[in-house]
Amino acid sequence: MGSVMIRVDESTRDELTRVAGEDLGGASADEAIRRLLAEHWQMKAIAALDAYRANDPEGWAEYAADADHEDRSSAPTADPWDEAA
């Protein structure tokens with residue numbers, strides 16, 4: 001994938017550089033934007049689940065029960081790293 005230039009205010013660029021350096025371990029501006037976009041998507045997904053839980057308690061209970069069943073059915077019967085098993 002090629003790269004392109006985008007126009008941002010100098011203060012935005014400086015803040016992005018600061019966040020990338022201080023909070024993201026010296027990540028590049030591109031990596032910082034990717035991480036911030038991923039975080040944004042996760043926040044939207046959490047908000048959607050919160051809204052679902054609040055607006056449809058019965059549907060949420062069914063979803064949670066199904067998820068719990070799936071977790072239990074796919075869990076290993078023994079921990080492969082447990083030498084006693």
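Okay, let's start with one residue, A27: leaving out anything up to four places away in sequence, A27 touches A20, A32 and R35. Keep in mind as we go that this is a predicted model.

So where does A27 sit in the bigger picture? Along with L16, V19, A20, L24 and A32, A27 belongs to the largest nonpolar core, which has six residues. Two of the contacts I just named, A20 and A32, are on that list too. And which helix gives the most to this core? That would be helix α1, residues 10–22, with three residues. If you're new to this, here's the background: in soluble globular proteins, nonpolar side chains tend to be buried together.

Now let's zoom out. How many helices and strands does the protein have? Three helices and zero strands. Walk along the sequence and you get the pattern α-α-α. There are 85 residues in the protein, and buried ones make up 8% of them.

On to the outside. The protein exposes about 7700 Å², and 55% of that comes from carbon and sulfur atoms. There's also a nonpolar patch on the surface, about 500 Å², made by V4, I6, V8, I33 and L37.

Let's pick out V4 from that patch. You'll find V4 in the segment before α1. Is V4 buried or exposed? V4 counts as exposed because its relative accessible area is 72%, and the cut-off for exposed is over 50%.

So, two groups to look for on the screen: the core with A27 in it, and the surface patch with V4 in it. Thanks, everyone!

Terms used: Residues are numbered from 1 along each chain as its sequence is written. This is a predicted model: local features need pLDDT of at least 70, side-chain atom pairs count only at pLDDT 80 or more; totals for chains, interfaces and linings use all residues. Side-chain values use heavy atoms; hydrogens and water are left out. A nonpolar core is a set of buried Ala, Val, Leu, Ile, Met, Phe, Trp, Tyr and Cys residues joined through side-chain atoms within 4.5 Å. Buried means under 20% relative accessible area, exposed over 50%, partly exposed in between (1.4 Å probe, protein chains only). Helices (H or I, at least four residues) and strands (E, at least two) are DSSP runs, numbered from the N terminus. Contact means heavy atoms within 4.5 Å. Accessible areas come from the Shrake-Rupley method with a 1.4 Å probe; for residues, only the protein chains shown count as cover. Patches are made of residues with over 30% relative accessible area and no salt bridge: like charges are joined within 9 Å, nonpolar side chains (Val, Leu, Ile, Met, Phe, Trp, Tyr) within 5 Å. A salt bridge is a side-chain nitrogen of Lys or Arg within 4 Å of a carboxyl oxygen of Asp or Glu.
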